[in-house]
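Here are my notes on this one, as promised. Have the model open while you read; I start in the sheet and work outwards.

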Amino acid sequence: GGSKIGEVTALEGIPNLAANVGAIQYTEARDAQHARREAAGYFAHSFPLKRLDHLAVMAPNIEASTEAWSNILGVAVYGEVRGRAMIIRQMKIGDAIVELLGPESPESPLASRPPGLGSMAAWEVDDLDAAVATARARGFSPSEPATGVLPGTRVATIPGAELAGVGMQMLEYV
């Protein structure tokens, strides 16, 4: 409606964050903002996404990036997963996770990837098979459901080419 909703600032000059990061302070309290958006129908959709689960950030120097997120931004390490030649450091912010993806060794394929936000967002779903069926019925081509990298998960992905460049990982906790 053209009214001011908050103050935004880029967190520039902080080394090793591995992505462009910003902060926003809303003028409206979170509960009031949510109620207003819900009343406007912003959360009503028929695709079975439950919530944003995580975003990935390529962090070639995972130790330095973890230190920057923890010591400078004050975001504690929530968890760590190792596998497929990578280290995943999970940084919990609200009910979502920022995953710092770093190489496990200099030979890892991640070692040569530039720092930055990954081109996929992971969304939690209650029933992965139903979400895949819905996506296919709507003309998308998700992958077959498979065991996820994160313990206790199953995943399927809609390619970024079908979604304006950002892939959609559908993730079910089992």
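1. Let's begin with a strand pair. β9 and β10 (residues 167-173) run antiparallel and are joined by six bridges. If you want one bridge to click on, take Ile158, whose partner in β10 is Met168. Keep in mind throughout that this is a predicted model.

2. Now zoom out to the sheet holding that pair. It is an open sheet of eight strands with mixed pairing, in the order β4-β5-β6-β3-β7-β10-β9-β8. The edges are β4 and β8 (146-147); each has a single partner strand, so one side of each is left without a neighbour in the sheet.

3. Next, the helix on the β4 end of that order. α2 packs on the sheet and touches β4, β5 and β6, and its direction makes about 5° with that of β5. Which residues of α2 are buried? In this helix, residues 62-72, they are Ile62, Ala64, Ser65, Thr66, Ala68 and Trp69. Their cover includes β4 (77-83), β5 (86-93) and β6 (96-103). As background for reading that pattern, an α-helix has 3.6 residues a turn, so residues three or four places apart point the same way. After α2 comes Gly74, with a positive phi near 80°.

4. Another helix goes with the strand pair from point 1. α3 (residues 128-137) lies across β9 and β10, and runs at about 10° to β9.

5. One residue I'd look at by itself is Thr153, which sits in β9 (residues 153-158). Is Thr153 buried or exposed? Its relative accessible area is 3%, and the cut-off for buried is under 20%, so Thr153 counts as buried. A polar atom of the Thr153 side chain lies 2.6 Å from the backbone oxygen of Leu150. Setting aside neighbours within four places in sequence, Thr153 contacts Ala146, Thr147 and Gly148, along with Leu171, Glu172, Tyr173 and Val174.

6. Finally, the chain as a whole. There are three helices and 10 strands, and from the N terminus on they run β-β-α-β-α-β-β-β-β-α-β-β-β. The C-alpha trace spans about 50 × 40 × 30 Å along its principal axes. Of the 174 residues, 36% are buried. Among contacts with a separation of 6 or more, 51% are between residues 24 or more positions apart. The chain exposes about 10200 Å², with carbon and sulfur atoms supplying 54% of that area.

Technical notes. Residues are numbered from 1 along each chain as its sequence is written. This is a predicted model: local features need pLDDT of at least 70, side-chain atom pairs count only at pLDDT 80 or more; totals for chains, interfaces and linings use all residues. Side-chain values use heavy atoms; hydrogens and water are left out. Buried means under 20% relative accessible area, exposed over 50%, partly exposed in between (1.4 Å probe, protein chains only). Helices (H or I, at least four residues) and strands (E, at least two) are DSSP runs, numbered from the N terminus. Contact means heavy atoms within 4.5 Å. A polar contact is a pair of N or O atoms within 3.5 Å; within protein, one must be able to donate a hydrogen and the other to accept it, and residues adjacent in sequence count only if both atoms are side-chain atoms. Two strands pair if DSSP finds at least two bridges between them. Axes are lines fitted to C-alpha atoms, for helices over the stretch in contact, and angles run from 0 to 180 degrees between N-to-C directions. Accessible areas come from the Shrake-Rupley method with a 1.4 Å probe; for residues, only the protein chains shown count as cover.
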